[in-house]
Amino acid sequence: MSTARSAHDSHLLHNRDVQPNEATFSDVDALFEFLRGALADALHADSFFLALYDELSRTVEVVRQLEFDTELPGGTFPLGQGITSEVIRTRRARLVRRWSQEAPRVQVQYLSKTPGLPESALTVPLVAGDEVLGVIAIHKYAPDAFDEHDLLQAERIAASAAATIARLRSEHAWTRLQTRVSELQSILSTMADAVLIVDYDGRLIALNHAARELLCVQEVSLVLGQPLVRRAWGSWPLGAPELAETLGPLLARVKEGKPLAEAQARLESQGDRVLSFTATPLLDRHRDVTGAVLVVRDIGHNRGAEGAARDVLAVASHELRTPVTVIRTQAELLRRMIRAGTVTSDQIDADLVSIVNQTQRLATMLSLLLDVSGIEEGRVHLARRHVDLAALTAAAISDVQATTERHTLGLHVSGKPTGYWDDRRLQQVLANLITNAVKYSPEGGPVDVFIDAHPDVVTVRVKDRGIGLACGQAKHVFDRFYRARSARRLEGSGLGLHICKSLIVAHGGRIWVESEGAGQGSVFSFILPRRPIDTHVRRDCSVPGDIIDAQKDRCGENQQSK
Amino acid sequence: MNILIVEDEAPLRKTLLNAFGSEGHHVEGAVNGLEALARCAERIPDLILLDLQMPEMDGWQFQREFRCMRGCSDVPIIVMSATHLALGNIDAQAVFEKPFDLDALLDAGAALLAAGIHHVA
């Protein structure tokens with residue numbers, strides 16, 4: 001790609017007549033080459049990528065990308081808050097003239113000879129019908145490189161490209177491949193464990209939603225291709241030096257062909273938080289290492305089970321005191337008044353009702369604590385049976401609706417959301433999420449629950465227009481006792497969401513929250529596999545093999561295309 | 001005598017209002033430090049019963065701002081705390097750990113009010 005802009009307009013004039021001849025594109029690579037000429041070269045872009053979007057797993061797959069004519073590895077990432085994700089979500093093209101001032105921060109960038117980050121960007125969705133199929137994006141390091149005229153041109157080209165992709169998708173081979181990729185993405189996105197996939201040089205080529213959450217890159221634009229071991233990425237919110245020190249030797253061991261390597265990184269900047277990494281090599285047909293799959297687990301703040309038990313006890317001893325105090329003072333006051341003969345039977349009755357209510361509150365807190373201690377010890381037993389999630393949700397909604405007149409609760413179901421789950425546990429999760437949605441919408445208003453049944457999974461979203469979450473809060477709301485310091489009550493201490501997360505994870509699913517910011521409402525979502533994911537069954541069906549093969553194929557494709 | 005009860009837990013606030021009210025005092029309630037400061041600006045109480053952990057403005061912050069108000073440096077405060085361990089820095093005449101004995105709290109209140117009258121005299 002040329003960096004000169006002098007021939008810009010003549011290129012555009014020329015390209016106005018160039019429309020992709022659909023018949024000539026037999027595959028995505030051919031389309032990519034066309035886009036490179038018609039868009040990236042014509043607009044003198046420094047870098048360019050073509051990404052496809054998988055709605056089911058909400059994953060973006062960068063199929064191919066170039067910077068200064070050098071092919072960089074593609075990869076996948078879950079929908080986040082970066083520009084690509086924004087364009088997919090809004091289906092509207094975005095023109096950025098000065099990225100450093102008007103667009104989301106970029107935490108991870110390419111190793112490139114040019115210092116700094118691209119200032120100009122043009123990101124256009126590929127839309128066919130009512131479906132977003134992907135995105136094309138061009139960047140330039142100089143500011144003000146693109147204008148509205150370029151945007152229109154890019155949108156015209158994107159419309160043709162989307163039609164081509166839609167046609168390719170309907171063809172048999174593409175569908176088969178895409179189904180496998182989609183399955184793989186579904187599994188990855190559903191996993192509670194954070195998964196990163198790196199290529200041979202340690203460059204990040206894929207990560208799942210949990211990884212995005214764990215590594216705190218939810219709110220920033222993320223550019224794939226960054227070597228994980230590079231020390232210079234100090235702007236990564238977690239302790240970059242500690243991560244680099246841990247991952248370097250770990251990846252070296254994997255390259256030597258070690259079947260499984262483990263390491264822990266202690267992040268002092270994060271209050272001595274400890275992350276554990278397990279690396280497995282990715283092999284090609286010749287058994288050569290082409291990269292690695294890293295599973296990352298947050299094992300807390302360097303405290304064992306004792307610390308967790310202490311947390312539970314500390315909150316419990318504090319929070320249980322309040323209802324106990326109410327019961328005791330009410331009983332004592334009642335006794336004083338009875339002795340003094342100054343009490344009416346109505347008052348005795350009212351006070352006793354209040355005392356009974358407080359004991360009910362104590363009982364609720366106790367079962368919450370028992371749930372938590374059970375979860376801490378890994379004891380979550382599920383009584384699975386055939387469950388109609390729509391009926392279960394309707395019942396939960398009607399229970400909560402009965403408690404409020406200011407909120408309008410709605411249920412929107414697509415498909416038949418049935419599966420093998422523990423209905424009592426899911427009812428608990430739904431009640432918690434819907435109650436929260438009402439509680440955190442103090443002005444009243446609509447609370448909508450959306451259930452979408454897919455072939456293998458069911459997704460549930462609880463959307464409110466309430467107080468929302470401040471930037472950075474979202475990733476912590478499922479932590480144990482997240483709100484303990486600010487909230488006074490056990491019911492509001494965040495234990496409920498922590499329990500929800502544990503119950504969804506026990507079902508093999510994943511739970512997360514999205515909010516546009518404080519005052520913008522929140523959407524709590526969870527995704528559940530319709531049938532239990534049993535590791536033995538999976539092994540029998542050789543699914544893990546397929547996963548690795550699929551990944552291998554994709555890595556292979558990327559390399560061949562260079 | 002005027003007593004201000006600062007407690008966000010409604011049933012407890014109500015019970016304490018009844019208990020001190022039945023002793024013949026004029027009692028008012030506040031749900032947090034902010035509301036308590038507003039009450040104190042209208043009329044300085046003779047005794048304050050103060051919870052610590054409350055939304056909006058907690059007991060520690062209330063106590064700091066209250067002590068800076070004119071004529072409020074000597075008003076007795078009884079702290080009602082959920083735990084002795086996390087009491088922190090607070091200028092109070094008595095601390096009752098929850099769950100407390102109501103008779104003992106009423107006695108302490110009476111004693112502080114009597115001492116306050118003595119002090120003024």
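**Helix packing and charge pairs in a two-chain model**

Let us begin inside chain A, where A:Val28, A:Leu31, A:Phe34, A:Leu35, A:Ala38 and A:Leu39 of helix α2(A) meet A:Ala154, A:Ile157, A:Ala161, A:Thr164, A:Ile165 and A:Leu168 of helix α5(A). Sorted by class, this contact has eleven nonpolar residues, one polar residue and no charged ones. Please keep in mind as you look around that the model is predicted.

How do the two helices lie against each other? Two packed helices are described by the angle between their axes and the distance between the axes. The axes of α2(A) and α5(A), the latter spanning residues 148–170, come within 11 Å and cross at roughly 175°. Angles over 145 degrees count as roughly antiparallel, and α2(A) and α5(A) are therefore roughly antiparallel to each other.

Now follow chain A on to the loop between α2 (28–41) and β1 (47–54), the home of A:Asp46. Side chains of opposite charge can pair when their charged atoms come close. Here the side chain of A:Asp46 forms a salt bridge with that of A:Lys140, at 3.5 Å from N to O. A:Lys140 belongs to strand β8 (residues 131–140) of chain A, so the pair ties together parts that are 94 residues apart in sequence. Over all chains, the structure holds 24 salt bridges.

Another loop of chain A, between α3 (83–90) and β5 (94–96), contains A:Arg91. Most residues other than glycine have a negative phi, and most peptide bonds are trans. A:Arg91 is not a glycine, yet its phi is positive, at about 60°. Chain B offers a peptide bond to set beside this: the one from B:Lys98 to B:Pro99 is cis, with omega near -5°. To find B:Pro99, look in the loop between β5 (94–97) and α4 (102–120) of chain B.

While you are in chain B, turn to helices α2 (residues 33–42) and α3 (residues 59–68), which pack at an angle of about 20° with their axes 9 Å apart. That angle makes α2(B) roughly parallel to α3(B). The crossing of α2(B) past α3(B) is right-handed. On the α2(B) side the contact involves B:Gly33, B:Ala36, B:Leu37 and B:Cys40, and on the α3(B) side B:Phe62, B:Glu65 and B:Phe66. By class, that gives five nonpolar residues, one polar and one charged.

What happens between the chains? Chain B brings 22 residues to the contact and chain A brings 19 residues. About 1900 Å² is buried between chain B and chain A, with carbon and sulfur atoms giving 51% of that area. Five salt bridges are counted between the two chains. B:Glu97 takes part in a salt bridge with A:Arg321, where the closest N and O atoms are 3.6 Å apart.

Helices pack across the two chains as well. Helix α10 of chain A (residues 321–340) and helix α1 of chain B (residues 10–21) have axes that come within 9 Å and cross at roughly 25°. This makes α10(A) roughly parallel to α1(B), and their crossing is left-handed. From α10(A), A:Thr325, A:Val326, A:Thr329, A:Gln330 and A:Leu333 meet B:Pro11, B:Leu12, B:Thr15, B:Asn18 and B:Ala19 of α1(B). By class, this contact has five nonpolar, five polar and no charged residues.

How values were computed. Residues numbered from 1 in each chain as written. Chains lettered and ligands numbered in written order. Predicted model: local features only at pLDDT ≥ 70, side-chain atom pairs only at ≥ 80, totals over all residues. Heavy atoms only, no water. Axes fitted to C-alpha atoms, helices over the stretch in contact; angles between N-to-C directions. Helix = DSSP H or I, 4+ residues; strand = E, 2+ residues; numbered from the N terminus. Parallel < 35°, antiparallel > 145°, perpendicular 65-115°, else oblique. Left-handed = near helix turned anticlockwise from the far one by under 90°. Contact = heavy atoms within 4.5 Å. Nonpolar A, V, L, I, M, F, W, Y, C, P; charged D, E, K, R; others polar. Buried area = accessible area lost by both parts, 1.4 Å probe. Salt bridge = Lys/Arg side-chain N within 4 Å of Asp/Glu carboxyl O.
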